[in-house]
Amino acid sequence: SYDVSDTVWNNADSETRTINVIADPSIPPVPPTPPAPTPCNTMTQTQIDTLNSTLGYSYNVTQWCGLTSLSLNNKTYTSVPDEIGNLTNITHLNFSRNSNITSLPATIGNLPKLTYLDLYDNNNLTSIPAEIGNISTLTTLNIYDNEKITSLPDEIWNLTNLLYLSLNDNGLTSIPSTIGNISTLQRLYLNNNFLTNLPSEI
């Protein structure tokens with residue numbers, strides 16, 4: 001079991017409370033089956049050119065493949081290229097505050113070393129790709145302040161190594177019982193959604 005400091009938005013009032021979360025042993029976690037990542041150094045020149053032109057860089061394959069942290073926050077991107085999934089050495093990825101992005105590529109699930117993903121304050125982001133559930137290494141996931149996110153993919157509850165999960169200030173109306181799969185969770189934030197109750201697994 002683990003303690004989670006949680007604020008729940010109840011439409012009528014808000015309540016801050018500490019809750020004891022116990023994973024239900026009758027619901028076994030479903031292990032993700034990640035696709036085999038393409039080795040970064042096999043990227044074609046066309047793929048490198050796409051990354052550079054879309055994200056505003058002028059890197060060569062050695063530079064792209066050497067990256068372990070990539071911050072793409074506070075930009076004017078209108079899309080994120082599929083080629084982001086080729087950056088297989090990335091451990092930290094920041095996509096925060098990109099108000100023109102409406103979706104993320106499924107290839108984000110191809111990042112085998114990613115531990116930190118920040119999706120804070122993307123006002124037009126409407127969904128999270130199901131493939132995010134393939135990132136079994138993820139320990140920190142921030143989906144804070146994305147008001148058009150009204151639901152999450154079931155696969156997100158396969159992230160059984162998560163320590164920190166921030167889902168506050170979205171448009172969520174429910175949290176499924178499968179949140180109990182994440183027995184490692186130490187911090188969970190749900191305030192300022194449209195939740196009227198929480199599953200007993202929390």
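Me: Is Cys-40 buried or exposed in this predicted model?
Reply: The cut-off for burial is under 20% relative accessible area. Cys-40 has a relative accessible area of 5%. That puts Cys-40 under the cut-off, so the residue is buried.

Me: Which residue does a disulfide join to Cys-40?
Reply: A disulfide is a covalent bond between the sulfur atoms of two cysteines. A search of the whole structure finds 1 disulfide. Its S to S distance is 2.2 Å, and the partner of Cys-40 is Cys-65.

Me: How many residues apart in sequence are the parts that Cys-40 and Cys-65 tie together?
Reply: Cys-40 lies in the loop between strand S2 (14–21) and helix H1 (45–55). Cys-65 lies in helix H2 (residues 61–66). The pair therefore ties together parts whose separation in sequence is 25 residues.

Me: Is Cys-65 buried or exposed?
Reply: Cys-65 has a relative accessible area of 12%. Burial means under 20%. Cys-65 is therefore buried.

Me: What is the handedness of the link of Cys-40 and Cys-65?
Reply: The angle to look at is the one about the S-S bond. For this link it is -95°. The link is left-handed.

Me: In what order do the elements of the protein chain run?
Reply: The secondary structure comes to 2 helices and 8 strands. Read the chain from the N terminus on. The order is β-β-α-α-β-β-β-β-β-β.

Me: Where in the chain is the pLDDT below 50?
Reply: The protein chain averages a pLDDT of 85, and 81% of the residues score at least 70. One stretch with a pLDDT below 50 has 68 contacts in the model beyond near neighbours in sequence. Where pLDDT is low, the predicted coordinates should not be read in detail. The stretch is residues 1–29.

Me: What arc do the buried residues of H1 cover around the axis?
Reply: In H1, Ile-48, Leu-51, Asn-52 and Leu-55 are buried. Their arc is narrow enough to put them on the same side of H1. An α-helix has 3.6 residues a turn, so residues three or four places apart point the same way. The arc is only 95°.

Me: Which residues are exposed on the other side of H1?
Reply: The buried residues of H1 have a cover that includes H2. The other side of H1 has exposed residues. They are Thr-46 and Ser-53.

Me: Which residue with a positive phi follows H1?
Reply: Look just after the helix. The phi there is near 80°. The residue is Gly-56.

Me: Which residues do ring pairs link into a cluster with Trp-64?
Reply: The count comes to 5 aromatic pairs. One of them is tilted, at 4.9 Å centre to centre and 50° between the planes: Tyr-57 and Tyr-59. Tyr-57 is partly exposed at 24%, and Tyr-59 is partly exposed at 26%. The residues linked with Trp-64 are Tyr-57 and Tyr-59.

Me: Why is the pair of Tyr-120 and Tyr-144 stacked?
Reply: The ring centres of Tyr-120 and Tyr-144 are 4.9 Å apart. Planes under 30 degrees apart count as stacked. The pair is stacked because its planes are at 25°.

Me: How many residues apart in sequence are the parts that Tyr-120 and Tyr-144 tie together?
Reply: Tyr-120 lies in the loop between strand S5 (116–118) and S6. Tyr-144 lies in the loop between S6 and strand S7 (164–166). Tyr-120 is buried at 18%, whereas Tyr-144 is partly exposed at 27%. The parts they tie together have a separation of 24 residues.

Me: What is the phi of Asp-121 near?
Reply: Most residues other than glycine have a negative phi, and most peptide bonds are trans. Asp-121, in the loop between S5 and S6, has a positive value. Its relative accessible area is 17%, so it is buried. Phi of Asp-121 is near 60°.

Me: What is the phi of Asp-145 near?
Reply: Asp-145 lies in the loop between S6 and S7. At 23% relative accessibility, Asp-145 is partly exposed. Its phi is positive in a residue other than glycine, near 65°.

Me: In which strand is Thr-140 found?
Reply: Thr-140 is buried, at 19% relative accessibility. Beyond neighbours within four places in sequence, its contacts include Tyr-116, Leu-117 and Tyr-164. Its strand covers residues 140–142 and is S6.

Conventions. Residues are numbered from 1 along each chain as its sequence is written. This is a predicted model: local features need pLDDT of at least 70, side-chain atom pairs count only at pLDDT 80 or more; totals for chains, interfaces and linings use all residues. Side-chain values use heavy atoms; hydrogens and water are left out. Helices (H or I, at least four residues) and strands (E, at least two) are DSSP runs, numbered from the N terminus. Buried means under 20% relative accessible area, exposed over 50%, partly exposed in between (1.4 Å probe, protein chains only). Contact means heavy atoms within 4.5 Å. A disulfide is a pair of cysteine sulfur atoms within 2.5 Å. pLDDT is the predictor's confidence in each residue, from 0 to 100. The arc is that of the directions from the helix axis to the C-beta atoms. Rings of Phe, Tyr and Trp (its six-membered ring) pair if their centres lie within 6.5 Å; planes under 30 degrees apart count as stacked, over 60 as edge-to-face and the rest as tilted.
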